[in-house]
Amino acid sequence: MPITLENVGIAVRDIEAAIAFFTDLGLSVLGRDTVSGAWADTAVGLDGNHARIAMLQTPDGNGRLELFEYIHPDAIETEPTLPNEIGMHRVAFSVDDLDEALAIAARHGCHPLRGVATYEDLYRLTYLRGPSGILVMLAEDLRKR
């Protein structure tokens, strides 16, 4: 059976801030909506599910993020995920210029957790906290310079 990754869904506390962050990094908004009703309750498994959603896409057309901000039920705040915790971990992006991407992230108040690392002269990469505490990895392929 063939399988294709459709998207990665991320619940956020402020959808506008999350959209601004990811579009500044280069993703584009494919669409926005507000969803609710029996179909949404069934699909998600939450009674009274009502959320604002936005679908974003990477410039190459291969990666998509679905952001959602709950209107009902109330969103549950959790501690930000640590890099060594089990479960959904992070979203990773390849960028042409890591320094430029970090400057964009900094304008949103997002900075590397520790710094920028170089892996075997192949990649420069870092983890940072994006909007709503999302772990985001940014990596620059040094072979493309």
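## Exercises on two sheets, their helices and a nonpolar core

Tyr119 has Tyr123, in E7, as its bridge partner. The exercises below start from this pair in the predicted model.

**Exercise 1. Determine how E6 and E7 pair, and place E6 in its sheet.**

Step 1. The pairing of E6 with E7 is antiparallel and extends over three bridges.

Step 2. The open sheet has four strands in the order E5-E8-E7-E6, and its pairing is mixed.

Step 3. E5 and E6 (117-119) are the edge strands of this sheet; each has a single partner strand, so one side of each lacks a neighbour in the sheet.

Step 4. On average, neighbouring strands of this sheet are turned by 25° against each other, direction ignored.

Step 5. H3 packs on the sheet, where it touches E7 and E8, and its direction makes about 10° with that of E7.

**Exercise 2. Describe the pairing of E5 with E8 and the orientation of the side chains along E5.**

Step 1. E5 and E8 are parallel partners, joined over four bridges. In this pairing, Ala92 stands opposite Met137 of E8.

Step 2. The general expectation is that side chains in a regular strand alternate between the two faces of the sheet.

Step 3. E5 shows such an alternation: Val91 and Phe93 point to one face and are buried, while Ala92 and Ser94 point to the other face and are not buried.

**Exercise 3. State the strand order of the sheet that contains E1, and identify its edge strands.**

Step 1. The order is E1-E4-E3-E2, in an open sheet of four strands with mixed pairing.

Step 2. E1 (8-11) and E2 (28-36) are the edge strands, each pairing on one side only.

Step 3. Neighbouring strands of this sheet are turned by 20° against each other on average, direction ignored.

Step 4. E1 pairs with E4 in the parallel sense over four bridges. Ala11 stands opposite Phe68 of E4.

**Exercise 4. For H3, list the buried residues, explain their placement around the axis, and describe what borders the helix in sequence.**

Step 1. With buried taken as under 20% relative accessible area, the buried residues of H3 are Leu98, Ala101, Leu102, Ile104 and Ala105.

Step 2. Because these residues cover an arc of only 160° around the axis, they lie on the same side of H3.

Step 3. The buried residues of H3 pack against H1, E7 (123-129) and E8.

Step 4. The N-terminal end of H3 is capped by Asp97, a side-chain oxygen of which lies 3.0 Å from the backbone nitrogen of Asp99.

Step 5. Gly109 follows H3 and has a positive phi, near 75°.

**Exercise 5. Carry out the corresponding analysis for H1.**

Step 1. In H1, the buried residues are Ile15, Ala18, Ile19, Phe21 and Phe22.

Step 2. Viewed down the axis of H1, these residues fall within an arc of 165°, so they line one face of the helix.

Step 3. At the start of H1, a side-chain oxygen of Asp14 comes to within 3.1 Å of the backbone nitrogen of Glu16.

Step 4. After H1 comes Gly26, whose phi is positive, near 125°.

**Exercise 6. Which residues touch the most other members of the largest nonpolar core, and which elements give two or more residues to this core?**

Step 1. The core has 26 residues; Phe21, Phe22, Leu67, Phe93, Leu128, Val136 and Leu138 touch the most other members.

Step 2. Two or more residues come from each of H1 (15-24), E3, E4 (64-72), E5 (91-94), H3 (98-107) and E8 (135-141).

Step 3. Leu128 serves as an example. Apart from neighbours within four places in sequence, Leu128 contacts residues including Phe21, Leu102, Ala105, Val136 and Leu138.

Step 4. Phe21, one of these contacts, is among the buried residues of H1. Leu102 and Ala105, also in contact with Leu128, are among the buried residues of H3.

**Exercise 7. Locate Asn49, and decide whether this residue is buried or exposed.**

Step 1. Asn49 belongs to the loop between H2 (38-44) and E3 (50-57).

Step 2. The relative accessible area of Asn49 is 3%. Residues under 20% count as buried, and therefore Asn49 is buried.

Step 3. Beyond the residues up to four places away in sequence, Asn49 touches Val35, Ser36, Gly37, Ala40, Asp41, Val44, Tyr70, His72 and Pro73.

**Exercise 8. Summarise the protein chain in terms of element order, burial and contact separation.**

Step 1. The secondary structure amounts to three helices and eight strands, running β-α-β-α-β-β-β-α-β-β-β from the N terminus.

Step 2. Of the 145 residues, 32% count as buried.

Step 3. Among contacts with a separation of 6 or more, 53% join residues 24 or more positions apart.

Methods: Residues numbered from 1 in each chain as written. Predicted model: local features only at pLDDT ≥ 70, side-chain atom pairs only at ≥ 80, totals over all residues. Heavy atoms only, no water. Buried < 20%, exposed > 50% of the residue type's maximum accessible area, 1.4 Å probe, protein only. Contact = heavy atoms within 4.5 Å. Core = buried A, V, L, I, M, F, W, Y, C linked by side-chain atoms within 4.5 Å. Arc of directions from axis to C-beta. Polar contact = N/O pair within 3.5 Å; in protein donor to acceptor, adjacent residues only side chain to side chain. Pairing = 2+ DSSP bridges. Axes fitted to C-alpha atoms, helices over the stretch in contact; angles between N-to-C directions.
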